[in-house]
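Colleague: Before I take any of this to the bench, I would like to go through the reasoning behind the descriptions one by one. Could we look at the structure together?

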Amino acid sequence: MNITIIGSGYVGLVTGACFSEVGINVTCVDVDQQKIDNLKNGIIPIYEPGLEKMITRNMNKGRLHFTTKISDALRCSDVVFISVGTPPDEDGSADLKYVIQVARDCGKHMNDYTLVVTKSTVPVGTSLKVKNAIKEELDKRKVNIDFDVASNPEFLKEGAAIDDFLKPDRIVVGVESTRAEELLNTLYKPFTLNGHPIIFMDVISAEMTKYAANSMLATKISFINDIANLCEIVGADINKVRKGITSDTRIGNKFLYPGIGYGGSCFPKDVQALIRTGEEFEYELKVLKAVEAVNKSQKSVLFNKIMKYYDGDLKGKTVALWGLSFKPQTDDMREAPSLEIIKKLLLAGANIRAYDPVALNEAKHHFENTITYCEDQYETLINADCLAVLTEWSEFRIPNFKIMHKLLNVPAIFDGRNIYDKSELKKNGFDYFCIGVNTDSDVLRPEVSLSY
Ligand SMILES: NC(=O)C1=CN([C@@H]2O[C@H](COP(=O)(O)OP(=O)(O)OC[C@H]3O[C@@H](n4cnc5c(N)ncnc54)[C@H](O)[C@@H]3O)[C@@H](O)[C@H]2O)C=CC1
Ligand SMILES: O=C(O)[C@H]1O[C@H](OP(=O)(O)OP(=O)(O)OC[C@H]2O[C@@H](n3ccc(=O)[nH]c3=O)[C@H](O)[C@@H]2O)[C@H](O)[C@@H](O)[C@@H]1O
């Protein structure tokens with residue numbers, strides 16, 4: 001089978017690589033000439049574990065191709081996946097201009113029956129718009145070519161994208177015809193062999209499933225962050241409370257880790273977009289509005305703790321940062337909590353020394369020379385007045401506390417991901433602050449007032 005993937009970003013590249021891995025002939029298309037030239041030379045535009053090797057392997061086998069020419073790709077494609085971006089519009093709704101452009105391109109260039117599948121995250125009703133755009137272009141050409149549209153939302157997580165695609169919890173497909181169902185069933189069969197189900201439904205329900213899934217996950221995170229903040233006030237320990245609640249199988253133990261707010265290219269925009277969809281239909285999604293509000297304020301929690309430690313004055317203080325990406329195993333900084341925290345620290349007059357295993361180049365696009373970029377996690381600590389951990393990369397989990405104590409001006413650690421044990425840090429002579437645990441009474445540094 002020949003398939004085309006339009007849009008070679010996180011989703012498009014992973015989808016293309018994984019389909020070619022099971023023997024399908026795949027052509028990935030993008031409008032970005034530089035990106036396609038690089039991909040042809042084996043240069044992968046994103047950091048995603050396992051992706052580079054998989055792309056190179058399948059290119060060498062002649063099953064994975066890259067082009068900017070959609071017309072060439074469509075000439076012999078049975079199925080076309082649309083995986084272009086759907087960024088938020090000014091009012092928070094999903095901007096569909098790239099999706100509709102691709103639909104038009106499909107209408108302009110398809111020559112035979114084609115199944116056009118929307119993999120981008122799109123609001124309910126988009127498949128109908130895609131169908132109309134294709135039809136309009138076919139009408140302009142005065143040709144009568146049979147086609148189907150389908151919705152196949154993607155659930156992969158950055159940093160674990162290959163595994164998520166190869167071994168999905170489920171595959172959701174919205175279809176309008178048996179022909180489309182059969183084609184997608186054949187395509188996805190290799191990924192369902194270990195019992196991972198493919199769930200067929202109508203197109204609108206499939207579109208809705210994607211937003212509902214991301215909104216549910218975002219809700220869990222805001223819920224636990226809200227509870228964490230209350231734990232801190234009443235003297236409970238969120239780490240213990242989390243274990244206490246997640247042992248109930250009805251609640252489950254995933255996505256209930258407190259932190260400094262969810263980031264990334266999807267939760268913030270998808271929660272917003274679903275709220276807008278509700279508004280369009282005059283229905284207020286009250287829970288999701290609260291989820292957004294909690295997340296917004298959670299991004300300031302760690303900064304507030306640092307401010308409080310320094311009696312509201314950070315002028316001239318140096319803050320070391322470990323981790324800049326919105327989560328480990330990616331260089332993606334879109335909507336990362338680090339962006340908010342860095343902006344606030346700079347505004348308060350602090351100097352920043354930052355390290356991230358893979359996101360330093362990305363950070364340079366955001367902050368240029370306003371912060372100091374370090375090539376090593378310990379280098380950030382030299383003469384720093386505290387350390388803040390913003391991303392839970394594995395290499396930060398068991399650091400050398402002796403060296404850290406020596407390098408830091410002031411041995412204070414602000415742990416935005418609750419990766420350290422407070423008694424161990426106290427034993428090693430650190431003032432330690434995390435999310436959802438009140439550690440003020442353990443503070444060792446006598447000259448710092450923590451009275452308010
Ligand atoms: N990043 C993620 O982890 C996930 C993203 N999604 C959804 O998938 C969609 C794509 O997301 P990403 O891959 O992150 O986006 P991205 O921004 O990484 O990649 C999109 C690509 O589409 C290309 N493009 C734009 N217009 C085009 C056109 N007319 N023809 C050909 N290529 C075109 C861009 O040049 C870019 O390379 C979005 O709707 C997103 O919400 C869904 C699940 C996971
Ligand atoms: O639609 C999408 O793009 C994707 O969005 C998320 O994936 P992703 O954004 O890559 O990353 P997650 O692992 O979900 O993390 C998102 C954010 O939530 C935060 N998080 C996650 C889990 C948790 O318990 N606590 C928490 O604060 C992370 O630190 C991160 O900032 C979903 O998990 C994917 O299923 C979905 O396909």
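Colleague: Which helix gives the largest share of the shell around ligand 2?

Modeller: This is a predicted model, so every statement I make rests on computed coordinates. In it, helix H9, residues 203-234, gives the largest share of the shell around ligand 2, namely three residues.

Colleague: What makes a residue count as part of that shell, and which residues come nearest?

Modeller: A residue is counted if its C-beta atom, placed from the backbone, lies within 6 Å of the ligand. Around ligand 2 there are 20 such residues, and Glu158, Tyr257, Tyr262, Gly264 and Cys266 come nearest. By class, the shell around ligand 2 holds eleven nonpolar, five polar and four charged residues.

Colleague: Why is ligand 2 said to lie between domain 1 and domain 2?

Modeller: Residues of the shell around ligand 2 come from both domain 1 (2-201) and domain 2 (211-298), and therefore the ligand is placed between them. The protein also has a domain 3, which covers 301-442.

Colleague: How do you know that domain 1 and domain 3 touch, when 39 Å separate their centres?

Modeller: The 39 Å is taken between the centres over C-alpha atoms, whereas a contact is judged residue by residue, with C-beta atoms within 7 Å. Six residues from domain 1 and seven residues from domain 3 take part in the contact. The domain 1 side of it divides into four nonpolar, one polar and one charged.

Colleague: What surrounds ligand 1?

Modeller: There are 26 residues around ligand 1, the closest being Gly7, Gly9, Val11, Ser120 and Thr121. Helix H1 (10-21) and helix H5 (97-109) are the elements that give two or more residues to this shell. Its residues divide into ten nonpolar, eleven polar and five charged, and Gly7 and Gly9, two of the closest, belong on the polar side of that division, where Gly is placed.

Colleague: Why is H1 called oblique to H3?

Modeller: The axes of H1 and helix H3 (residues 51-60) come within 9 Å and cross at roughly 50°. That angle makes H1 oblique to H3, because angles under 35 degrees count as roughly parallel and 65 to 115 as roughly perpendicular. The crossing of H1 past H3 is left-handed.

Colleague: Which residues of H1 and H3 meet there?

Modeller: From H1 there are Leu13, Val14, Ala17, Ser20 and Glu21, which meet Leu51, Met54, Ile55 and Asn58 of H3. This contact holds six nonpolar, two polar and one charged residue.

Colleague: H5 also lines ligand 1, so what describes its packing against H6?

Modeller: The axes of H5 and helix H6 (residues 126-141) come within 7 Å and cross at roughly 35°, and the crossing is right-handed. Among the residues that meet are Val99, Ile100 and Ala103 in H5 and Val130, Ala133 and Ile134 in H6. The contact as a whole has eight nonpolar, two polar and six charged residues.

Colleague: At what angle do H11 and H12 pack, and which residues meet?

Modeller: Helix H11 (residues 267-280) and helix H12 (residues 286-298) pack at about 145°, with axes 10 Å apart, and H11 passes H12 in a left-handed crossing. Val271, Gln272, Leu274 and Ile275 in H11 meet Leu288, Lys289, Val291 and Glu292 in H12. That contact is made of five nonpolar, one polar and two charged residues.

Methods
Residues are numbered from 1 along each chain as its sequence is written. Chains are lettered from A and ligands numbered from 1 in the order in which they are written. This is a predicted model: local features need pLDDT of at least 70, side-chain atom pairs count only at pLDDT 80 or more; totals for chains, interfaces and linings use all residues. Helices (H or I, at least four residues) and strands (E, at least two) are DSSP runs, numbered from the N terminus. Axes are lines fitted to C-alpha atoms, for helices over the stretch in contact, and angles run from 0 to 180 degrees between N-to-C directions. Angles under 35 degrees count as roughly parallel, over 145 as roughly antiparallel, 65 to 115 as roughly perpendicular and the rest as oblique. A crossing is left-handed if the near helix is turned anticlockwise from the far one by less than a right angle, and right-handed if clockwise. Two residues are in contact if their C-beta atoms, placed from the backbone, lie within 7 Å. Domain bounds come from an automatic or database domain assignment.
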